[in-house]
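User: Please take a close look at the sheet that is shared between the two chains. I am in my first year, so keep the steps short.

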Amino acid sequence: MKINGEDKGLIDALGSGDIRTCARIISRIERGDTEVVSLLQALYRAGGRSRVVGVTGPPGAGKSSLVSQLVKVWRKRGLKVAILAVDPSSPFSGGAVLGDRLRMAEHSCDDQVFIRSMASRGQLGGLTKAVGDALTVLDAMPWDIVVVETVGVGQNETDIIRHADVVALVQTPMGGDDIQAAKAGINEIGDIYVVNKGDHPDANRTCRQLRDMISLGQHLNPGDCSWVPPVIKTQSLLGQGADELADQIENRFRNLRENPEMARRRARERVRHRTAEIVRDMLDRRLHSEDGQAVEAMIDSVLVRERDPYALAAGLIAAMT
Amino acid sequence: MLKGKGIKAIVSMIGLDGHTTGGEIVARVLRDAGFEVIYLGATQTPEMILQAAIQEDVDVIGISSHASNYIQIEYLVELLRKNEMSDVPVICGGNIPKHVAKQLKGRGVAEVFPPGSSSADIIGYIVANARGAQRRSA
């Protein structure tokens, strides 16, 4: 693949860790600037080195504060860290108040830490479509760890496993009884389970329920026993448990290195998901493009029931190829 | 289409100003007008706000001031200039006396919104003057 001169300059700037270049490219991605695609393609092909940690969990569980404590531990260990922190967009105005950075204030002036807030912009899986592209950009820079923090999630927003190598699921005590822990969805995706606000009297009970849920899963599906997800109790305001969490994240990365088959399976799933995301985006753009007279005419014909949405969908896909 | 679409703003207090209510209300007003607001909260130094502006690549910075810490606002403007960020306007709101507002504007603050300013005024000003205004209106 041929790389044009402008892209070459940007790639070099990213490689040397230039924050401004990175920040501006992420803005172009968020704006949906299609001219950035050739750069992303070149970066992807040359990339694949970064280690991505996903942090997810319900709103107010302490994800951002916990990430801030983790960053503190990683910085002590000499690692350079980038963070993408996603918060929800309004379904009404499209606006957002992004408040994750606020919890990470102590790292604001550390030039080995990059923090970028992103709005979810209507995506429902806990992330935004721009996250995949932003990760490609960060991958081209000299970060030792990249963290993706999702919006506060409920029971079913599991997109993070399609972007992160290691997922930490942050819960709080008082999350419900053992049947809550047995439910499908978000409970299944943790490589590491964190019970934050560990000073709460019910914290130990929540840890026990999660351990029971995990060990039952291991009994029922004994296929892969090389990794038993640990359950860690933390107090993110005080930093308690952050060292242990950083250790376990490191352990999981080692475990994935030692099990290349599993790592490959996950990586394949990631490519599948990413591709689907791009296709969906291309179709969406076509469907919503303001100059698309043809599309408007097709919508009208569906409206009067001369055609149907299936025919419209087939027409859109045909027009793209 | 909402006015604030595609515009990223920082809303912050500066220095030891702990009066967060005004800033939180403006953040909410901007959110409801379609802006994406990075809310930095209290106890932010000018350097922290500068770094946030660079990393988040914002189009405008709003400082809520209720503690007479005008020198730090001026210092923020100076830092932005030194770091080639003067295309990102700094606007202020809060209980800033008229003569100080005049002085701040003389030293590079883009606009000061005194108590009683309407949401529409603030939104209209940002849409017309934030970085990238020409790109968006094109």
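Analyst: What follows starts with the shared sheet, moves to the contact between the chains, and then visits some single residues.

This is a predicted model. The predictor gives the complex an ipTM of 0.92 and a pTM of 0.92. For chain B, the mean pLDDT is 95, and 99% of its residues reach 70 or more.

Now the sheet. It is open and has six strands, in the order 3(A)-2(B)-1(B)-3(B)-4(B)-5(B). The pairing is parallel. Which strands stand at the edges? They are strand 3 (96–98) of chain A and strand 5 (111–113) of chain B. Each has a single partner strand, so one side of each is left without a neighbour in the sheet. From one strand to the next, the twist averages 25°.

Next, look at how the strands join. In general, strands of a sheet pair through backbone hydrogen bonds, either parallel or antiparallel. Start at the join between the chains. Strand 3 of chain A pairs with strand 2 of chain B in the parallel sense, over three bridges. One place to find this on screen is Leu98(A), whose bridge partner in strand 2 of chain B is Ile38(B).

Then step further into chain B. Strand 1 (residues 8–12) and strand 2 (residues 36–41) of chain B are also paired in the parallel sense, over five bridges. Here Ser12(B) has Gly41(B) in strand 2 of chain B as its bridge partner. Helix 2 (residues 46–56) of chain B packs on the sheet. Helix 2 touches strand 1, strand 2 and strand 3 (60–65) of chain B, and its direction makes about 160° with that of strand 1 of chain B.

Helix 5 (residues 119–129) of chain B belongs in this picture too. Helix 5 lies across strand 1, strand 3, strand 4 (90–94) and strand 5 of chain B. Its direction is at about 165° to strand 5 of chain B.

Now widen the view to the contact between the chains. How many residues of each chain take part? On chain B there are 26, in contact with 25 residues of chain A. Three elements of chain B give two or more residues to this side: helix 1 (21–32), strand 2 and helix 2. Helix 2 of chain B provides the largest share, seven residues. By type, the residues on this side of chain B divide into 12 nonpolar, six polar and eight charged.

Next, turn to chain A. Its domain assignment gives domain 1 (47–259) and domain 2 (274–320). The centres of these two domains of chain A are 36 Å apart, taken over C-alpha atoms. Strand 3 of chain A, at 96–98, falls within the bounds of domain 1, 47–259.

Another strand of chain A deserves a stop. Strand 4 (residues 113–119) of chain A has seven of its seven residues buried. Both of its faces are covered. On one side sit Val113(A), Ile115(A), Ser117(A) and Ala119(A), and on the other Phe114(A), Arg116(A) and Met118(A). Strand 4 of chain A pairs with strand 2 (residues 81–87) of chain A in the parallel sense, over seven bridges. In that pair, Ile83(A) has Ile115(A) as its bridge partner.

Is Ile249(A), in helix 8 (residues 242–258) of chain A, buried or exposed? Ile249(A) counts as buried because it has 24 C-beta neighbours inside 10 Å, and 20 or more are needed. Ile249(A) touches Val53(A), Val166(A) and Ile192(A), leaving aside residues up to four places away in sequence.

Gly152(A) sits in the loop between strand 5 (145–149) and strand 6 (166–171) of chain A. With 19 C-beta neighbours inside 10 Å, Gly152(A) counts as partly exposed. Thr56(A) is 96 residues away along the chain, yet the two C-alpha atoms are separated by 7.0 Å. Gly152(A) also touches Pro58(A), Pro59(A) and Gly60(A), again leaving aside residues up to four places away in sequence.

Finally, check two loop residues with a positive phi. Arg305(A) has a phi of about 65° although it is not a glycine. Arg305(A) lies in the loop between helix 10 (293–303) and helix 11 (309–320) of chain A. Arg305(A) is exposed, with 7 other C-beta atoms within 10 Å. In chain B, Glu84(B) has a positive phi of about 55°, and it is not a glycine either. Glu84(B) is in the loop between helix 3 (70–82) and strand 4 of chain B. Glu84(B) counts as exposed, with 9 C-beta neighbours inside 10 Å.

Key. Residues numbered from 1 in each chain as written. Chains lettered and ligands numbered in written order. Predicted model: local features only at pLDDT ≥ 70, side-chain atom pairs only at ≥ 80, totals over all residues. Domains from an automatic or database assignment. Helix = DSSP H or I, 4+ residues; strand = E, 2+ residues; numbered from the N terminus. Buried ≥ 20, exposed ≤ 12 C-beta atoms within 10 Å, placed from the backbone. Contact = placed C-beta atoms within 7 Å. Pairing = 2+ DSSP bridges. Axes fitted to C-alpha atoms, helices over the stretch in contact; angles between N-to-C directions. pLDDT = per-residue confidence, 0-100. Nonpolar A, V, L, I, M, F, W, Y, C, P; charged D, E, K, R; others polar.
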